[in-house]
Amino acid sequence: MRKTFQLRPEGKHPDRVLDAVKHEIRKYIKRERRRELPEGVDFWDFDCKFGTAQDTAATVHLAELTGLIDGIAKAEGPQFYLEILAKHGQRTARPAPPDTE
């Protein structure tokens with residue numbers, strides 16, 4: 001998903017637009033996670049970029065998206081750019097705790 005979301009469209013309440021944008025993002029993530037995993041892949045991971053425009057988008061973690069979107073909405077920004085790309089994820093073993101005797 002690569003998209004510029006408008007937060008202040010003419011004739012629509014900004015709070016309802018914000019809720020609709022968040023719903024669309026969550027729906028996309030759920031749809032991507034339902035896809036069948038290829039052989040040797042443990043889970044679907046996501047590469048995310050967020051910014052006020054495509055040129056200024058910075059890499060962020062998926063868990064930070066809602067807070068960043070709320071920040072743009074509180075600052076009354078007119079739009080934001082979001083890029084979410086699914087990638088293969090591999091689980092790694094936790095490091096063993098150090099022995100303290």
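## Terms and model

A residue is called buried here when its relative accessible area is under 20%, and exposed when that area is over 50%, with partly exposed residues in between. The structure described below is a predicted model, and the account begins with the second helix before turning to the sheet.

## Helix α2 and its buried side

In helix α2, which spans residues 65-74, the buried residues are Leu 65, Ile 69, Ile 72 and Ala 73. Around the axis these residues cover an arc of only 100°, which places them on the same side of α2. An α-helix has 3.6 residues a turn, so residues three or four places apart point the same way. The partners against which the buried residues of α2 pack are α1, β2, β3 and β4, whereas the face turned away from that buried side carries Gly 67 and Lys 74, both of them exposed.

Just after α2 comes Glu 76, whose phi is positive, at about 60°. This residue lies in the loop between α2 and β4, and it takes that positive phi although it is not a glycine. For context, most residues other than glycine have a negative phi. Glu 76 is classed as exposed because its relative accessible area, 59%, is over the 50% cut-off.

## The four-stranded sheet

The strands form an open sheet of four, in the order β1-β4-β2-β3, with antiparallel pairing. At the edges stand β1 (2-6) and β3, each of which has a single partner strand, so one side of each is left without a neighbour in the sheet. From one strand to the next the twist averages 30°.

Taking the pairings in turn along the sheet, β1 and β4 are joined in the antiparallel sense over five bridges, and within β4 the residue opposite Lys 3 is Leu 82. Helix α1 packs on the sheet and touches β1, β2 and β4, with its direction making about 15° with that of β4. Strand β2 (residues 43-51) and strand β4 (residues 79-89) run antiparallel and are joined by nine bridges; Gly 51, for instance, has Tyr 81 in β4 as its bridge partner. On the other pairing of β2, three bridges join this strand to the antiparallel strand β3 (residues 58-60), where Val 60 is the bridge partner of Cys 48. Strands β2 and β3 also form a hairpin, with six residues between them.

## Aromatic rings and a charge over a ring

Across the whole structure a search finds two aromatic pairs. In one of them, Phe 50 and Phe 80 are tilted with respect to each other, at 5.2 Å centre to centre and with 35° between the planes. This pair links distant parts of the chain, since Phe 50 belongs to strand β2 and Phe 80 to strand β4, 30 residues apart. Both Phe 50 and Phe 80 are buried, and together with Phe 5 they form one aromatic cluster.

Another interaction that involves a ring concerns Arg 35 and Trp 44: the charged end of Arg 35 sits over the ring of Trp 44, at 4.3 Å from its centre.

## Lys 22 and Leu 37

Lys 22 belongs to helix α1, which runs over residues 14-34. Despite the charge that its name may bring to mind, the point to record is its accessibility: Lys 22 is buried because its relative accessible area, 14%, is under the 20% cut-off. When residues up to four places away in sequence are not counted, Lys 22 touches Thr 66, Ile 69 and Asp 70. One of these contacts, Ile 69, is also among the buried residues of α2.

Leu 37 is found in the loop between α1 and β2. With a relative accessible area of 34%, Leu 37 counts as partly exposed, because this value falls between the 20% and 50% cut-offs. Again leaving out residues up to four places away in sequence, the contacts of Leu 37 are Asp 42, Phe 43 and Trp 44. Leu 37 also comes to 8.2 Å from His 88, C-alpha to C-alpha, although the two are 51 residues apart in sequence. Trp 44 thus appears both as a contact of Leu 37 and as the residue whose ring lies under the charged end of Arg 35.

Terms used. Residues numbered from 1 in each chain as written. Predicted model: local features only at pLDDT ≥ 70, side-chain atom pairs only at ≥ 80, totals over all residues. Heavy atoms only, no water. Helix = DSSP H or I, 4+ residues; strand = E, 2+ residues; numbered from the N terminus. Buried < 20%, exposed > 50% of the residue type's maximum accessible area, 1.4 Å probe, protein only. Contact = heavy atoms within 4.5 Å. Pairing = 2+ DSSP bridges. Phe/Tyr/Trp six-rings, centres within 6.5 Å; stacked < 30°, edge-to-face > 60°. Lys NZ or Arg CZ within 6 Å of the ring centre and 35° of its normal. Axes fitted to C-alpha atoms, helices over the stretch in contact; angles between N-to-C directions. Arc of directions from axis to C-beta.
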